[in-house]
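Open the model in your viewer and keep the selection tool at hand. This is a short tour, one selection at a time.

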Amino acid sequence: MTRTGNRVVGLAIMMLVSAVIGTVVVAAARSPAKPVAPAPAAAAPATPSKTPLPSKYVVLTFDDGPDPEYTPKVLDILAKYDAKATFFEIGQNVRKHPALTKRIHAAGHSVQNHTWTHADLRTLSATAFRQQLASTDEAIRAQTGSTPACLRPPYGGVNATVRQRARALGKDLVVWTVDSRDWTKPGTTAIVQRVLKNVHNGSVILMHDGGGNRTQTVAALPAILQALKAQGYGFRTLTC
């Protein structure tokens, strides 16, 4: 083939390649890529529902425990009636029966301070007062993970000094408005009647799960809870 022929063939090949490339480019422009589907949005985290606090309520409180015989019975009855309570515990009893305090807390009840030895706070020095509360706080905190902010003075013993010292230690004093006087062992019927006769919206009811024979309290508790629920009462706990 002559040099002129070679040039003609080369020119023809170049024209053919250019035509093929142009066809590919045009085809690509006419067939856009499929749109990428957006990733599904992450599901919003579930918001835990909170049971609203009852507007008509009482506060059940139990003092002087925990007790290995009576506290479990009280807890079983409260669970049966879906009732929550506040337990004012003696520090030395918490030390003896730590698993009971842990069980009370795990069941959704409130655990608060009732001094280490059930001492009358009105008779103590400032140092002894502080020791009674601090030791009990430590024992309860070890089982519940939180420090009590409520203090129930034994015997309901309150004066200006007790108020000032409690406030300095960050404690709110809590007594009661309805005393079942179950500690006098007046009989099951008397305990039930005394509570129901005096209860009203917002009442703080005093009963005992420790400190002595509480058989009558355990026997009275189902009737008290049944009647309160029938009257439309709910149950709140104290946190202070």
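The stops below go from a strand to its partners, then to a helix and a ring pair. Keep in mind that the model is predicted.

**Stop 1: strand 7**

Select residues 204-208, which make up strand 7. Is each side of this strand buried or exposed? Val-204, Leu-206 and His-208 point one way. Ile-205 and Met-207 point the other way. Every one of these residues is buried. With 5 of the 5 residues buried, strand 7 is largely enclosed by the rest of the structure.

**Stop 2: the strands paired with it**

Add residues 57-65, strand 1. Strand 1 and strand 7 run parallel, joined by 5 bridges. To find the register, pick Thr-61: Leu-206 of strand 7 stands opposite.

Now add strand 6, residues 178-179. Strand 6 also pairs with strand 7 in the parallel sense, over 2 bridges. Here the bridge partner of Val-178 is Ile-205.

**Stop 3: the crossover**

Keep strands 6 and 7 on screen and show helix 7, residues 188-198. Which hand does this β-α-β unit have? Strand 6, helix 7 and strand 7 form a right-handed one.

**Stop 4: helix 8**

Move to residues 215-230, the 16 residues of helix 8. Set a distance between the first and last C-alpha: the span is 24 Å. That is close to the 22 Å expected at 1.5 Å a residue.

Look along the axis for a kink of about 30° at Leu-221. The proline Pro-222 comes shortly after the kink.

Next, colour the buried residues of helix 8: Thr-217, Val-218, Ala-220, Leu-221, Ile-224, Leu-225, Ala-227 and Leu-228. The spacing has a simple background. An α-helix has 3.6 residues a turn, so residues three or four places apart point the same way.

What covers these buried residues? The cover includes strand 1, helix 2 (71-80), helix 7, strand 7 and strand 8 (234-236). Strand 7 from the opening stop is thus among the covering elements.

Before leaving, click Gly-232, which follows helix 8. Its phi is positive, near 90°.

**Stop 5: the aromatic pair**

How many aromatic pairs does the structure hold? There is 1. Select Phe-62 and Phe-87: their rings are stacked, 5.3 Å centre to centre, with 25° between the planes. Phe-62 lies in strand 1 and Phe-87 in strand 2 (residues 86-89), so the pair ties together parts 25 residues apart in sequence. Phe-62 counts as buried, at 0% relative accessibility. Phe-87 is also buried, at 0%.

Technical notes. Residues numbered from 1 in each chain as written. Predicted model: local features only at pLDDT ≥ 70, side-chain atom pairs only at ≥ 80, totals over all residues. Heavy atoms only, no water. Buried < 20%, exposed > 50% of the residue type's maximum accessible area, 1.4 Å probe, protein only. Helix = DSSP H or I, 4+ residues; strand = E, 2+ residues; numbered from the N terminus. Pairing = 2+ DSSP bridges. Right-handed = clockwise from strand over helix to strand, strands pointing away. Expected span 1.5 Å × (residues − 1). Bend = angle between axes of the 7 residues up to and from the residue. Contact = heavy atoms within 4.5 Å. Phe/Tyr/Trp six-rings, centres within 6.5 Å; stacked < 30°, edge-to-face > 60°.
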